[in-house]
Amino acid sequence: MHQNENGTRTLRLLFPQWQGGYDGSIFPGQIYPLGARLLAWLAPQSDAPLIEVPVPAWTGEPAPRDGGVLYRQALLQQVRAASKILREYAPERVITFGGDCLVSQAPFSYLNELYEGDLALLWIDAHPDITTPDDFDHAHAMVLGNLLGEGEPMLAGEVGRHVRSEQVALVGVDEVLDYERATIARHRLHVIPSAGVAASSTPVTDWLAQGGFSRAAIHLDLDVLDPAGFRSLLFTNPDVADPIDAERGNLCIRTLGRLLQDIAACTPVVGVSFAEYMPWDALNLKTMLHELPFMR
């Protein structure tokens with residue numbers, strides 16, 4: 001197990017999960033795994049082990065629906081597989097390359113147990129991910145709800161130690177649906193909109209200081225970025241005339257980078273999940289190359 005300069009044992013988790021996501025494209029089951037693998041490739045080199053969570057490929061069969069959720073049994077198996085890897089390697093820091101947003105559940109559940117709830121969760125995302133099967137059938141929109149003990153009941157049951165509301169700050173969430181607003185209010189979740197961090201990271205670092213947490217974990221859904229400036233997102237699929245009607249992000253990548261650096265300077269980061277990277281141009285180019293007979 002790799003130790004960084006501070007002696008922290010680090011594990012890199014490659015989690016090409018797609019069954020919880022939404023792409024609405026002609027390439028179902030392909031964009032999320034490609035995004036996860038590209039993220040792992042783009043990341044700085046490290047001596048930390050990179051362990052892949054087994055995720056079945058798309059077979060062309062219709063998506064099974066169970067309890068109002070698509071692919072629920074497959075997702076349960078993948079959460080359990082990731083949890084098993086984490087228990088076996090027993091890292092102190094987990095960096096996850098996903099995949100849809102549900103990839104954060106197993107590592108954040110593991111870290112919350114490891115640090116006995118002394119863990120801030122910074123949910124940097126255009127969406128709060130507190131949906132239930134009553135409102136949506138894609139589980140990537142339920143992951144924070146699962147961690148809080150709600151969301152999808154069977155997935156929430158896989159969380160060893162549920163997160164307390166005061167551990168969570170939603171960052172970059174600007175607009176929410178009515179039922180999401182009600183859940184945020186009921187849990188009294190702290191919300192920091194995009195405009196709040198546009199010029200300074202102080203609203204986030206102040207929240208961390210006031211909470212007194214010794215460590216932080218960061219869930220980063222890349223859809224928190226403005227699709228006008230970052231094109232590898234759900235909403236920028238060139239082959240879809242009408243992308244899903246959902247809130248778009250408003251951050252630029254330089255603002256996001258500054259925010260992440262300021263968080264790390266304020267509080268030791270023991271978990272990061274990168275999710276929902278959807279490199280459409282790379283996938284289209286890959287598809288074209290695979291169709292060329294002289295490339296084989």
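Is Arg72 buried or exposed? Arg72 is buried, with a relative accessible area of 11%, and its side chain meets that of Asp66 in a salt bridge. Please keep in mind that this is a predicted model. The notes below walk through the charged pairs, the aromatic pairs, one loop aspartate, two backbone oddities and a surface patch.

**Salt bridges**

- A search of the whole structure turns up ten salt bridges.
- In the pair of Arg72 and Asp66, N and O are 2.9 Å apart. While Arg72 is buried at 11% relative accessible area, Asp66 counts as partly exposed at 24%.
- Glu52 is bridged to Arg37, and their closest N and O atoms are 2.7 Å apart. This pair links distant parts of the chain, with Glu52 in strand E3 (residues 50-52) and Arg37 in helix H1 (residues 31-42), 15 residues apart.
- Both ends of that bridge are partly exposed: Glu52 has 37% relative accessibility and Arg37 has 38%.
- Within helix H2, Glu88 and Lys84 sit four residues apart, about one turn of the helix. They form a salt bridge whose closest N and O atoms are 2.6 Å apart, and Lys84 is partly exposed with a relative accessible area of 46%.
- Through shared partners, salt bridges join Asp66, Arg72 and Glu152 into one network.

**Aromatic pairs**

- The whole structure holds five aromatic pairs.
- One of them is formed by Phe108 and Trp123, an edge-to-face arrangement with 6.1 Å from centre to centre and 80 degrees between the planes.
- Phe108 belongs to helix H3 (residues 105-114) and Trp123 to strand E7, so their pairing ties together parts that are 15 residues apart in sequence.
- Both rings come from buried residues: the relative accessible area is 1% for Phe108 and 0% for Trp123.
- Phe230 and Tyr277 make a tilted pair, at 6.3 Å centre to centre and 45 degrees between the planes. Here the partners are 47 residues apart, Phe230 in the loop between strand E10 (216-221) and helix H9 (253-266), and Tyr277 in the loop between strand E11 (269-275) and H10.
- Phe230 and Tyr277 are buried as well.

**Asp137 and its surroundings**

- You will find Asp137 in the loop between strand E7 (120-124) and helix H4 (143-148).
- Why does Asp137 count as buried? Its relative accessible area is 17%, and the cut-off for buried is under 20%.
- Beyond its neighbours within four places in sequence, Asp137 is in contact with Arg65, Gly68, Val69, Leu70 and Met142.
- The side chain of Asp137 also makes a polar contact with the side chain of His138, at 3.4 Å.
- Gly20 is 117 residues from Asp137 in sequence, yet their C-alpha atoms are 8.7 Å apart in space.

**Positive phi angles**

- Most residues other than glycine have a negative phi.
- Ala90, although not a glycine, has a positive phi of about 50 degrees. Ala90 lies in the loop between helix H2 (72-89) and strand E6 (93-98), and is partly exposed at 30% relative accessibility.
- Glu116 has a positive phi of about 55 degrees. Glu116 is found in the loop between H3 and E7 and is exposed, with a relative accessible area of 61%.

**Nonpolar surface patch**

- Leu285, Met288, Leu289, Phe294 and Met295 form a nonpolar patch on the surface, and together they have about 520 Å² of accessible area.
- Of these patch members, Met295 lies in the segment after helix H10 (280-290).

Key: Residues numbered from 1 in each chain as written. Predicted model: local features only at pLDDT ≥ 70, side-chain atom pairs only at ≥ 80, totals over all residues. Heavy atoms only, no water. Helix = DSSP H or I, 4+ residues; strand = E, 2+ residues; numbered from the N terminus. Buried < 20%, exposed > 50% of the residue type's maximum accessible area, 1.4 Å probe, protein only. Contact = heavy atoms within 4.5 Å. Polar contact = N/O pair within 3.5 Å; in protein donor to acceptor, adjacent residues only side chain to side chain. Patch = residues over 30% accessible without salt bridge, like charges linked within 9 Å, V, L, I, M, F, W, Y side chains within 5 Å. Areas by Shrake-Rupley, 256 points an atom, 1.4 Å probe, with all protein chains shown as cover. Salt bridge = Lys/Arg side-chain N within 4 Å of Asp/Glu carboxyl O. Phe/Tyr/Trp six-rings, centres within 6.5 Å; stacked < 30°, edge-to-face > 60°.
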